[in-house]
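Please walk me through this protein model. I am new to it and would like a brisk tour.

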Amino acid sequence: MLLVRIMEETGEKHEDLVCQSCGMPMEQEGDFGTNADGSPNKEFCIHCYQNGVFTEPDISMREMIEKVMGFMVNEGMPREEAEKEARETIPHLNRWRKFGTEYL
Ligand SMILES: [Zn+2]
């Protein structure tokens with residue numbers, strides 16, 4: 001799901017596109033979100049953005065951090081490490097950057 005796993009699998013760091021909502025790396029066509037006209041959206045992933053709209057339009061940055069942390073913990077990352085990673089990554093993505101870090 002997340003950068004960590006991809007990097008472990010491939011053993012290299014890609015210059016990749018990362019979802020600007022959840023931080024997931026997007027490498028294949030199926031990873032990209034979709035615009036209203038069905039074309040791929042390279043800013044957001046398929047889990048976050050479909051048919052031109054966010055799949056969870058009301059999710060807060062804090063909730064996104066919790067969600068992403070949950071994925072990483074499921075992937076086997078220790079909780080503290082997952083929390084640190086999510087808190088350091090999510091607030092810098094385009095979807096959240098405007099909110100600053102005062103909501104953390
Ligand atoms: Zn995403």
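## A loop residue to start

Asn 51 sits in the loop between strand S5 (49-50) and strand S6 (53-54). Its phi is near 55 degrees, a positive value in a residue other than glycine. Is Asn 51 buried or exposed? Asn 51 counts as exposed, because it has 12 C-beta neighbours inside 10 Å, and a residue with 12 or fewer is exposed.

## The chain as a whole

This is a predicted model. The protein chain has four helices and six strands. Along the sequence, the pattern reads α-β-β-β-β-β-β-α-α-α. The chain has 104 residues, and buried residues make up 26% of them. Contacts can also be sorted by distance along the sequence. Among those between residues at least 6 apart, 36% join residues at least 24 apart.

How confident is the predictor? The mean pLDDT of the protein chain is 87. Of its residues, 81% reach 70 or more. Confidence varies by element. Helix H1 (residues 3-10) has the lowest mean pLDDT, 52. S5 has the highest, 98.

## A strand hairpin

Strand S3 (residues 32-34) and strand S4 (residues 40-45) run antiparallel. How many bridges join S3 to S4? Three bridges do. In this pairing, Phe 32 stands opposite Cys 45 in S4. S3 and S4 form a hairpin, with five residues between them. One residue in the turn is Gly 38, which has a positive phi of about 90 degrees.

Ahead of this hairpin comes another loop. Glu 29 is found there, between strand S2 (25-26) and S3. Glu 29 counts as exposed, because it has 8 C-beta neighbours inside 10 Å.

## Helix H2 and its two sides

Helix H2 covers residues 61-74, which makes 14 residues. At 1.5 Å a residue, H2 should span 20 Å. Its end C-alpha atoms are 20 Å apart, so the expected span and the model agree.

Which residues of H2 are buried? They are Met 61, Met 64, Ile 65, Val 68, Met 69 and Met 72. These residues cover an arc of only 135 degrees around the axis, so they lie on the same side of H2. On the other side of H2, Glu 63 and Asn 74 are exposed.

Glu 66 is also found in helix H2. Glu 66 has 14 C-beta neighbours inside 10 Å, so it counts as partly exposed. Just after H2, Gly 76 takes a positive phi of about 105 degrees.

## The nonpolar core

In soluble globular proteins, nonpolar side chains tend to be buried together. Here, the largest nonpolar core has 19 residues. Those with the most contacts inside this core are Cys 19, Cys 22, Cys 45, Ile 65, Val 68, Ala 86 and Ile 90. S4, H2 and helix H3 (79-89) each supply at least two residues of this core. Which element gives the largest share of this core? H2 does, with six residues.

Cys 45 links back to the hairpin, where it stands opposite Phe 32. Ile 65 lies on the buried list of H2. Leaving out residues up to four places away in sequence, Ile 65 touches Ala 86, Arg 87 and Ile 90.

Helix H3 also holds Glu 80. Is Glu 80 buried or exposed? Glu 80 is exposed, because it has 8 other C-beta atoms within 10 Å.

## Pairs across the fold

The table lists some residue pairs, with their separation in sequence and in space.

| Pair | Apart in sequence | C-alpha to C-alpha distance |
|---|---|---|
| Glu 80 and Met 69 | 11 residues | 9.2 Å |
| Glu 66 and Ala 82 | 16 residues | 9.5 Å |
| Glu 29 and Asn 41 | 12 residues | 9.6 Å |

Some members of these pairs appeared above. Met 69 is one of the buried residues of H2, whereas Glu 80 in the table is exposed. Glu 66 is partly exposed. Glu 29 is exposed and comes from the loop between S2 and S3.

Key:
Residues numbered from 1 in each chain as written. Predicted model: local features only at pLDDT ≥ 70, side-chain atom pairs only at ≥ 80, totals over all residues. Buried ≥ 20, exposed ≤ 12 C-beta atoms within 10 Å, placed from the backbone. Contact = placed C-beta atoms within 7 Å. Expected span 1.5 Å × (residues − 1). Arc of directions from axis to C-beta. Pairing = 2+ DSSP bridges. Core = buried A, V, L, I, M, F, W, Y, C linked by C-beta atoms within 7 Å. pLDDT = per-residue confidence, 0-100.
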